[in-house]
Amino acid sequence: MTQDELKQAVAQAAIQYVVEDSIVGVGTGSTANFFIDELAKIKHKIKGAVASSEATAARLRGHGISVFDLNEVSAMPVYIDGADEITPQGAMIKGGGAALTREKIVASVADKFICIADGSKLVDLLGKFPLPIEVIPMAQAVVMRKLNALGGAAHLRLKDGQPLLTDNGNIIIDVHGLQITDPVALEAAMNNIVGVVTVGLFAKQGANVCLLGTAGGVKTLTF
Ligand code: 5RP
């Protein structure tokens with residue numbers, strides 16, 4: 001199976017976690033896009049969705065799914081999203097698509113985080129994938145110095161030769177070369193750096209379930 005076929009398989013499997021008549025939290029990225037396409041098939045069974053990015057909101061609306069502002073929503077049974085890396089304990093690196101802040105906010109409202117990922121995302125040790133950090137632009141230099149002092153190599157993420165700007169108007173610093181043995185502690189330490197908006201480590205509040213696409217079928221990990 002191709003990586004896209006594995007992503008599609010987990011997206012289909014995630015539909016069983018969607019609660020009828022509820023509002024669904026929806027992530028960002030290629031796996032989340034497959035999920036949105038599956039969700040469209042049962043859109044008459046849900047109230048709508050909360051999107052974790054402008055791109056996701058546009059895709060949801062394109063399918064005729066109502067998109068709610070998070071401020072109108074106080075409860076959400078599930079948030080369904082991909083990951084860049086996930087451990088057997090459910091800690092994740094996210095933010096490859098630069099949507100980490102809204103992803104973390106929407107996930108914080110949901111009762112359960114359902115991670116959908118192809119098997120290549122499962123790792124014993126987080127950090128091979130550069131860790132994305134959303135940062136206030138004026139704090140770029142000071143935050144990069146402090147991230148480097150924590151043992152990584154901080155790089156400003158560029159798009160078309162310019163700093164990539166998130167949906168929130170901030171920049172992304174990707175930290176390379178980390179070997180993250182204590183994700184909860186590193187998430188807390190990085191969160192404490194002034195100028196950091198969001199750390200792409202989802203460890204304090206990780207996934208509750210991971211649907212992992214493998215050649216042998218979709219495996220369900222629960223945490
Ligand atoms: C976006 C994310 C994505 O969930 C993550 O990058 C995985 O993306 P994909 O499903 O395309 O592999 O965190 O900010």
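Okay, quick definition before anything else: when I say buried, I mean a residue with under 20% relative accessible area. Keep that in your heads, and keep in mind that what's on screen is a predicted model.

So let's start with Glu103. Where does it sit? Glu103 is part of helix 4. And is it buried or exposed? Its relative accessible area comes out at 3%, and the cut-off for buried is under 20%, so Glu103 counts as buried. As for what's around it, if you skip residues up to four places away in sequence, Glu103 touches Thr28, Ser52, Tyr79, Asp81, Lys94, Gly95 and Phe202.

Some of those names come back when we look at the ligand. Gly95 is listed among the closest residues to the ligand, along with Ser30, Thr31, Asp84 and Lys121. In total, 17 residues surround the ligand. Lys94 shows up too: an N or O atom in its side chain is 2.9 Å from a ligand oxygen. With Thr28, it's a polar backbone atom, 3.1 Å from an oxygen of the ligand. Then there's Gly96, where a backbone N or O atom lies 3.4 Å from a ligand oxygen. How much of the ligand does the protein cover? On its own the ligand has 380 Å² of accessible area, and the protein covers 90% of that.

Asp81, another Glu103 contact, takes us over to strand 6. The bridge partner of Asp81 in that strand is Cys115. Strand 3, residues 76-81, runs parallel to strand 6, with five bridges joining them. Strand 14, residues 209-214, is also parallel to strand 6, again through five bridges, and there Ile114 stands opposite Val209. Why call strand 6 largely enclosed by the rest of the structure? Because seven of its nine residues are buried.

Right, now the open sheet. Four strands make it up, paired antiparallel in the order 8-11-7-12. Strand 8 (153-156) and strand 12 (196-199) are the edges, each pairing on one side only. On average, neighbouring strands in this sheet are turned by 30 degrees against each other, ignoring direction. Strand 7, residues 131-135, is joined to strand 12 by three bridges, and Ile133 stands opposite Val199 in strand 12.

Two helices lie across strands of that sheet. Helix 4, the one carrying Glu103, lies across strands 7, 11 and 12, at about 65 degrees to strand 12. Helix 6, residues 183-191, lies across strands 7 and 12, and its angle to strand 12 is about 165 degrees.

Last two residues, both with contacts to Ile171. Thr166 sits in the loop between strand 10 and strand 11. Its relative accessible area is 7%, so Thr166 is buried as well. Not counting neighbours within four places in sequence, Thr166 contacts Ala98, Glu134, Ile171 and Ile172.

And then Gln140, in helix 5, which spans residues 140-149. This one is partly exposed, because its relative accessibility is 26%. Leaving out neighbours within four places, Gln140 is in contact with Val135, Leu156, Ile171 and Ile173. For a sense of scale, Gln140 and Gly48 are 92 residues apart in sequence, and their C-alpha atoms are 37 Å apart.

Terms used. Residues are numbered from 1 along each chain as its sequence is written. This is a predicted model: local features need pLDDT of at least 70, side-chain atom pairs count only at pLDDT 80 or more; totals for chains, interfaces and linings use all residues. Side-chain values use heavy atoms; hydrogens and water are left out. Two strands pair if DSSP finds at least two bridges between them. Axes are lines fitted to C-alpha atoms, for helices over the stretch in contact, and angles run from 0 to 180 degrees between N-to-C directions. Contact means heavy atoms within 4.5 Å. Buried means under 20% relative accessible area, exposed over 50%, partly exposed in between (1.4 Å probe, protein chains only). A residue is near a molecule or strand if one of its heavy atoms lies within 4 Å of it. A polar contact is a pair of N or O atoms within 3.5 Å; within protein, one must be able to donate a hydrogen and the other to accept it, and residues adjacent in sequence count only if both atoms are side-chain atoms. Accessible areas come from the Shrake-Rupley method with a 1.4 Å probe; for residues, only the protein chains shown count as cover.
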